[in-house]
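Trainee: I would like a close look at one part of this model. Please take the salt bridges and walk me through them, then show me how they sit in the rest of the chain.

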Amino acid sequence: MKTAWRKNSIGIFVIVLLLSAFGWSMNVYAASSSYSVSGSSYIDGKASKSWKTLDQGKAYIRVNSLGGKGTPYFKLKRMITIGIDKSYGEIKVTKKGTFKFPNNADKNDNRYYLVVNISGGKMSSSGYVLN
C-alpha cells in the first residue's frame, strides 16, 4: 500500500512541477505593460527605468484615463545595448481608447519604454502598452 501511495505521490509531484514550469514560461513575455504619467513637459521611461515587456508584432497603447489640459505624445522605444535606441513611432492622444503605434515591435523583449512629450499644460494618463 505504501509503495503505491509513494508512486502516486511522485507522479502527482512531477505533473505539478511540469505544469508550473510550463505556466511560468508562458508568462515570461506577457504582452502587456501598464503605465502611469503625470506632469507638464517630458517624461522618459528609460531614465526612470520604467521598462515594458512586449512580444514581436503590432504595438498598441490603451489609454484608460486622460485628464488635464495637456496633450500627450507617446513615443515607443526599445533600448539597444550598443547604438541608438530603436523607435517605433509617436502617437498624439486626445481621448481615451486604443491606438496603434506606426511601426511594429520587432522582437520579444523586456526593454521597451515610453517617452512622453506633453504640450499645452499639465495632464495625467494611465493605461497599458500591449500587442
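Mentor: Start with Asp 85. Asp 85 is buried, at a relative accessible area of 13%. Buried means under 20% relative accessible area, exposed means over 50%, and partly exposed lies in between (1.4 Å probe, protein chains only). Asp 85 forms a salt bridge with Lys 46, and their closest N and O atoms are 2.8 Å apart. The term covers a side-chain nitrogen of Lys or Arg within 4 Å of a carboxyl oxygen of Asp or Glu. Asp 85 sits in the loop between β5 (71–78) and β6, Lys 46 in the loop between β2 and β3, so distant parts of the chain are linked, 39 residues apart. Lys 46 is partly exposed, with a relative accessible area of 32%.

A word on the basis. This is a predicted model, where local features need pLDDT of at least 70, side-chain atom pairs count only at pLDDT 80 or more, and totals for chains, interfaces and linings use all residues. Residues are numbered from 1 along each chain as its sequence is written, and side-chain values use heavy atoms, with hydrogens and water left out.

By the salt-bridge rule the count comes to five. Another one joins the side chains of Arg 78 and Asp 109, at 3.7 Å from N to O. Arg 78 lies in strand β5 and Asp 109 in strand β8, 31 residues apart. Strands are DSSP runs (E, at least two residues) and helices are runs of H or I (at least four), numbered from the N terminus. Arg 78 is buried at 6%. Asp 109 is buried too, at 5%.

Next, Lys 86 and Asp 106. Their side chains meet in a salt bridge, again given as 3.7 Å from N to O. Lys 86 is in strand β6, Asp 106 in the loop between β7 and β8, and 20 residues separate them. Lys 86 is partly exposed at 35%. Asp 106 is partly exposed at 30%. A network of salt bridges links Arg 78, Lys 86, Asp 106, Asp 109 and Arg 111.

Strands β6 and β8 also meet through aromatic rings. Tyr 112 in strand β8 is buried, at 0%. Tyr 88 is buried at 1%. Tyr 88 and Tyr 112 form a tilted aromatic pair, 5.6 Å centre to centre with 50 degrees between the planes. Rings of Phe, Tyr and Trp (its six-membered ring) pair if their centres lie within 6.5 Å; planes under 30 degrees apart count as stacked, over 60 as edge-to-face and the rest as tilted. Tyr 88 lies in strand β6 (residues 86–92) and Tyr 112 in β8, so the pair ties together parts 24 residues apart in sequence.

Now the wider frame. The protein chain has one helix and nine strands. The helix comes at the N-terminal end of the order, and the strands follow. Strand β4 (residues 60–68) pairs with strand β7 (residues 97–100) in the antiparallel sense over four bridges. Strand β4 also pairs antiparallel with strand β9 (residues 123–130), over eight bridges. Two strands pair if DSSP finds at least two bridges between them. Ile 61 has the bridge partner Phe 99 in β7 and Val 129 in β9. Buried residues make up 28% of the 131 residues in the protein chain.
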